Amino acid sequence: AKQFVQQGLGGDLLNCDHTHRSAQAVIGLVNAAMQDAQQAGEFSGFRSHTTESRTPGGVRKLPLIERDAPGAADAGHPADAHGLLPWRDSLVTPRVLPEERLLQKECEQAAGWIAERIAGGLAPSRIMVLARRRSRLAALQDALRKRHIAVQQPEKNELNDAPEVQDMVALLDALVSPDHDLSLARALKSPLWGIGDEALVALALRRRAGSGSWFEVLQADDLPAPLAGIGPRLAQWQQWLAELPPHDALNAIYHDADVLSRFAAAAPAALRAGVLANLRGLLAASLELDGARFATPYALVRALRTGGIRAPSIAAADAVQLLTVHGAKGLEAELVLLLDTDASARRAQTMGVLVKWPGHAVAPERFVFVASEKTPPACTVDDLAQEQAARHREEINALYVATTRARTELVLSAVAAARPDAQSWWARLAARCEPIGAETDAVPLKSPSPPASFEMLTLPAISATGLALPAERSQRRADTRASALGQAMHRLLEWAQPGAPLPPAHVRAAGREFGLDAEAARAAAAIAQRIRSGAGAWAWDAAALDWHGNEVSLIHGGQTLRIDRLVRHRETGAWWVLDYKSAARPEHDAELIAQLQRYRDAVQGAHPHETVRAAFLTGNGELVTLG
């Protein structure tokens, strides 16, 4: 692409090695690592960077998680003299592979250190965690949530990965398949009821003494207090699922159980927005499945558990950002933590395809199926070497992207590789980073506590005669309506074309955009039409104009100004800055006059040798020229 622009289009090649983002220590680390790679023949074309930042910054590293670290073995228990691991009760102790335990240990250490930094005053939104694999980010997300730290992972989140969604799916599963006791147990323990283990044990014992499923046992009339009344409610919900489309039934359950409020009350304040967004996303998913026409409740449960349904994206106001390196391109943060920087050396790929297709060629020159890259066909040895060199260069490119996301501080985290790699990110960077102590337990997990006070938005009750608003609120609504009228009028004039009337479709669209009823939308259109057909009508006459533009943005004095309409008169060559005002006498308002003068000065600065005039176009059809 670079050669094409230079040779084919006669373009110039401009390079920028100066940044305004990264602190001096970060740029120093980037320069050292990239120059080392270039001197080793692994990279080419890199030139040392400079930075505008005067912040010293820092590059640091968390303690390396050794492969024989405590907790790396199964359940933390060593094997006996015969090399056998102790028996594990599979009902209470999950099976965790050593590699997964190391991953969890790294994420627990990183989460503890992040909690310390937040406790020290660093806002969560100023922290970004990067990893090459999303599995690392999922484990860190769980570790941070345990500490009630808000996190946001905007890349391809699965809806069914959210615990609150899993709770609701378990409820649907129990209603569709009443014999699924495990799903019902999860629903009972969820914030819908919050049933404790003792009550569940009592329910299980009662089930064992009799017959039928938990669902049937809950229908009894003599259940103790925590379980009393749950059975008939479940039966009602089951009937809704049988009679209504999945979305309608789920929506009825949401209202009957006050699902959003219950889950919001149970969630920590930092995670509440995400919990509510996911629960609303479940409702949306039930509406999208098969167009909500032919879906069944069981099909909804199966689709959610199969995966592939995206969770809604929310813009968390103050959350730690979790991103893959690829997804972080173009972003930045005050502190960047890199996970899994000592990944094992790549194994040779098997059962792959090697394609040689140079950019200048119209078709591939070679297409080869390669069973194993360790023993490639003789005809592909050179091409495979080029492919592997390109992969290696891409790995260094990813390292450059990851390190340059940091504005002030860059921190490394790693688990010792099973197969050491002298070219891993840890090997390239760690020697130049300051060690961080391992005291990451200084900030313990927060113990459960009552949720912070909050209120769910509710609609006010409306009486038969209508809702009476206080005078202050009525005035505020009137002001809002006047503002909406003005905005709709501006939008109609923005869409207007010289010589063409206002289309009815535009009037309806402007009314919808600003929440106006049909009468108010017509009133806004009438104001716009008076402006267009009044003393300033020439400003929409194509024959009278050399140039015209609506909502023109200009930078003036460090501020962004937006001009309603800017035109150049064909006969006089003068520029006209036109400002729409629904008020009848804008020339009596000193603030409006000063604003229009700034607009005129901005255009005059862009055209210093031309005449620039300014005027108000009022809702009465007047053209009020600024002196």
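**Cores, a surface patch and low-confidence stretches**

In this predicted model, a good place to start is Met168, which, beyond its neighbours within four places in sequence, is in contact with Leu192, Leu250, Tyr254, Val259, Phe263, Leu279 and Leu282. Met168 is also listed, together with Leu171, Leu218, Leu234 and Tyr254, among the residues with the most contacts inside the largest nonpolar core, a set of 52 residues. Helix α5, spanning residues 163-176, provides the largest share of this core, with 7 residues. A second core, separate from that one, has 29 residues, including Leu485, Trp540, Val567 and Ala615.

Turning to the surface, Val353, Val355, Trp357, Phe367 and Phe369 make a nonpolar patch of about 560 Å². Two strands, β8 (350-356) and β9 (366-372), each contribute at least two residues to this patch. Val355 is one of the patch residues and sits in strand β8. Is Val355 partly exposed or buried? Its relative accessible area is 38%, so Val355 counts as partly exposed.

A word on confidence will help in reading the model. The protein has a mean pLDDT of 84, with 88% of its residues at 70 or more. Over residues 70-76, however, the pLDDT is below 50, and this stretch has 12 contacts in the model beyond near neighbours in sequence. Residues 463-479 likewise stay under 50 in pLDDT, and for them the model has 5 contacts beyond four places in sequence. Predicted coordinates should not be read in detail where pLDDT is low.

Key: Residues are numbered from 1 along each chain as its sequence is written. This is a predicted model: local features need pLDDT of at least 70, side-chain atom pairs count only at pLDDT 80 or more; totals for chains, interfaces and linings use all residues. Side-chain values use heavy atoms; hydrogens and water are left out. pLDDT is the predictor's confidence in each residue, from 0 to 100. Contact means heavy atoms within 4.5 Å. Patches are made of residues with over 30% relative accessible area and no salt bridge: like charges are joined within 9 Å, nonpolar side chains (Val, Leu, Ile, Met, Phe, Trp, Tyr) within 5 Å. Accessible areas come from the Shrake-Rupley method with a 1.4 Å probe; for residues, only the protein chains shown count as cover. A salt bridge is a side-chain nitrogen of Lys or Arg within 4 Å of a carboxyl oxygen of Asp or Glu. Helices (H or I, at least four residues) and strands (E, at least two) are DSSP runs, numbered from the N terminus. Buried means under 20% relative accessible area, exposed over 50%, partly exposed in between (1.4 Å probe, protein chains only). A nonpolar core is a set of buried Ala, Val, Leu, Ile, Met, Phe, Trp, Tyr and Cys residues joined through side-chain atoms within 4.5 Å.
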